[in-house]
Amino acid sequence: MRRWLSFVLPCLVVLVAPSATAQEGYTPPPANLAARAWFQEARFGLFIHWGAYAVAGDGEWVMHNKRITVAEYERDYPPAFNPAKFDAAAWVRMVKAAGMRYITITSKHHDGFAMWDSKVSDYDIVERTPYGKDVLRQLADECRKQDVKLFFYHSQLDWHHPDYFPRGRTGRFSARDDKGDWFRYLDYMDQQLSELLTGYGDIGGIWFDGWWDKPEADWRLDKTYRLIHRLQPAALVGANHHRKPFPGEDFQMFEKDLPGHNTAGFNEDSELGSLPFEMCETINNSWGYNKTDGRHKSTKQLVQLLVKAAGYDANFLLNVGPRPDGTIQPEHASRLAEVGQWLEKNGETIYGTRGGPLPPRPWGVTTHKGSRVFVHVLDWQDPVLSVARPPRPVKKASLFATGAAVKFTLEKDAVLLRLDPKALDPLDTIVVLELAP
Ligand code: H79
């Protein structure tokens, strides 16, 4: 009997695996499919990690990492958070100039602090800070004016709420009482999501994070996903659980890695699904503002990440952590402007394209639109580059930058591109292949 149980129990655990409790049988309506298509064409967005934690300039995990209790955090963080220089119009202008088409901002991170005027909690920016204004409202209004879509990052994990119980793997230094009503917490989360989906106009989607804190819990995802899809059928649901998408999700995300890669260690279980992909990355190594993190990626690295993501058929969601005064650190703002200048010239090879048809290689990636294949040569020095043959005959090859013809030879299983080493662009040399229709 005991041996029988030890065999069956693990199977039962698999049976109640998370996907079984997500929104089974979900059929996305046309509005949602159209939103997915828009998303896939948009290719580039700004991720914003902003909350009371910005005050410390030590990242968004400061509460957990520095073992700060709820009482200390409440006392020291929100009361010191006064982003008087926050200018939503300027942020959205910066986003547009960077060539980004959407923003995903933290409505609530793991610290549980709401960046809008929540009605079901007073733990929010309006009621607990000297600033006292709803930043999500200002941003939503500006995004509508400037035609940028707004998504909300929402943490399912909560280090502050008493009903987030039993506790998960993190947030154990908060000194909360050892009791709480889990489903009451989920009700609270659904109420906050309802506020975000009913009070801020059309929302691009909800970007969940924190499920991994309690992978064994009943997250009641069916109810939450159903709620979102009922309130806004075109809002896209995505979740950073590092697994193959659960039913009810509309896109698949990859944290700090290209689809199918696992250099950051988050994505060992994330099998590739058929939904639109999005990869998120930081400019330095921090999500929330970190004043000592100076390891900023160069503009070249950022452009190449964007291009690689597109070559893997994924969007690129690039993060900034604004400072507590409401400004973006200049090292980040300048890089965004430079990526935007690159896109101004080369956006045609990124927006509205799909990854491939050739597989990504160490030298670079390909994107395509209609009968044109864009060969993005990111790392190559020699005069001849051999690439796999596209699915249809190549009629013509030219440099995207100048239109100058590129000599090529068709082999049985390869196309040899003759590249003038002097014409190579250190960021990205784009060769356009015209395919036969
Ligand atoms: O919002 C940003 C981060 O704050 C959040 N996701 C991005 C977008 C994030 N940070 N870390 N993680 C997500 C994954 C965390 C993994 C770990 Fe652990 C937490 C490693 C150790 C503690 C989870 C719990 C895995 C092992 C224990």
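**Pockets, ligand site and backbone features**

The largest pocket is lined by 33 residues, and those nearest its centre are Trp 61, Trp 212, His 242, Glu 255 and Phe 266. The model is a predicted one, and this pocket is a good place to begin a tour of it. Its volume comes to about 580 Å³. Sorted by class, the lining of the largest pocket holds 12 polar, 11 charged and 10 nonpolar residues.

The largest pocket is also the space taken by the ligand. Around the ligand there are 13 residues, the closest being His 49, Glu 60, Trp 61, His 109 and Asp 209. Trp 61 thus appears among the residues nearest the centre of the largest pocket and among those closest to the ligand. The shell around the ligand is made up of 6 nonpolar, 3 polar and 4 charged residues.

Three of the closest residues can be followed down to individual atoms. An N or O atom in the side chain of Glu 60 is 2.5 Å from an oxygen atom of the ligand. For His 49, a polar side-chain atom lies 2.6 Å from an oxygen atom of the ligand. With Asp 209 the partner is a nitrogen atom of the ligand, which lies 2.7 Å from a polar atom of the side chain.

The second largest pocket has a volume of about 270 Å³. Its lining counts 15 residues, of which Lys 149, Leu 150, Asp 202, Ile 203 and Gly 204 lie nearest the centre. Two elements, α8 (135-146) and β3 (149-155), each give two or more residues to this lining. The largest share, 3 residues, comes from α8. By class, the lining of the second largest pocket consists of 9 nonpolar, 2 polar and 4 charged residues.

Beyond the pockets, several loop residues deserve a look. Gly 51 sits in the loop between β1 (44-48) and α4 (62-65). This glycine counts as buried because its relative accessibility is 3%, below the cut-off of 20%. Between the C-alpha atoms of Gly 51 and Asp 124 the distance is 9.8 Å, although 73 residues separate the two in sequence.

The loop between β3 and α9 (182-198) contains His 160. With a relative accessible area of 15%, His 160 is buried, and its side chain is joined to that of Glu 74 by a polar contact of 2.7 Å. Pro 166 is found in the loop between β3 and α9 as well. The peptide bond leading to this proline from Phe 165 is cis, with omega near -5°. Ala 175 is another residue of the loop between β3 and α9. Its phi is positive, at about 60°, although Ala 175 is not a glycine. Ala 175 counts as exposed because its relative accessibility is 62%, and the cut-off for that class is over 50%.

Both of these backbone features turn up again elsewhere in the chain. A cis peptide bond, with omega near 15°, runs from Gly 356 to Pro 357, and Pro 357 lies in the loop between β9 (354-355) and β10 (364-369). A positive phi, of about 55°, is found at Arg 220, which is not a glycine either. Arg 220 belongs to the loop between β4 (205-209) and α10 (221-231). Whereas Ala 175 is exposed, Arg 220 is buried, with a relative accessible area of 14%.

Terms used
Residues are numbered from 1 along each chain as its sequence is written. This is a predicted model: local features need pLDDT of at least 70, side-chain atom pairs count only at pLDDT 80 or more; totals for chains, interfaces and linings use all residues. Side-chain values use heavy atoms; hydrogens and water are left out. On a 1 Å grid over the protein atoms alone, a cavity is a set of points where a 1.4 Å probe fits but cannot get out, and a pocket is an open set with protein on both sides within 12 Å along at least five of seven lines; lining residues have an atom within 4 Å of a point. Grid points are joined across faces, edges and corners, and a volume is the space filled by probe spheres set on the points. Ala, Val, Leu, Ile, Met, Phe, Trp, Tyr, Cys and Pro count as nonpolar, Asp, Glu, Lys and Arg as charged, and the others, Gly among them, as polar. Helices (H or I, at least four residues) and strands (E, at least two) are DSSP runs, numbered from the N terminus. A residue is near a molecule or strand if one of its heavy atoms lies within 4 Å of it. A polar contact is a pair of N or O atoms within 3.5 Å; within protein, one must be able to donate a hydrogen and the other to accept it, and residues adjacent in sequence count only if both atoms are side-chain atoms. A molecule sits in a cavity or pocket if more than half of its atoms lie within 2 Å of its grid points. Buried means under 20% relative accessible area, exposed over 50%, partly exposed in between (1.4 Å probe, protein chains only).
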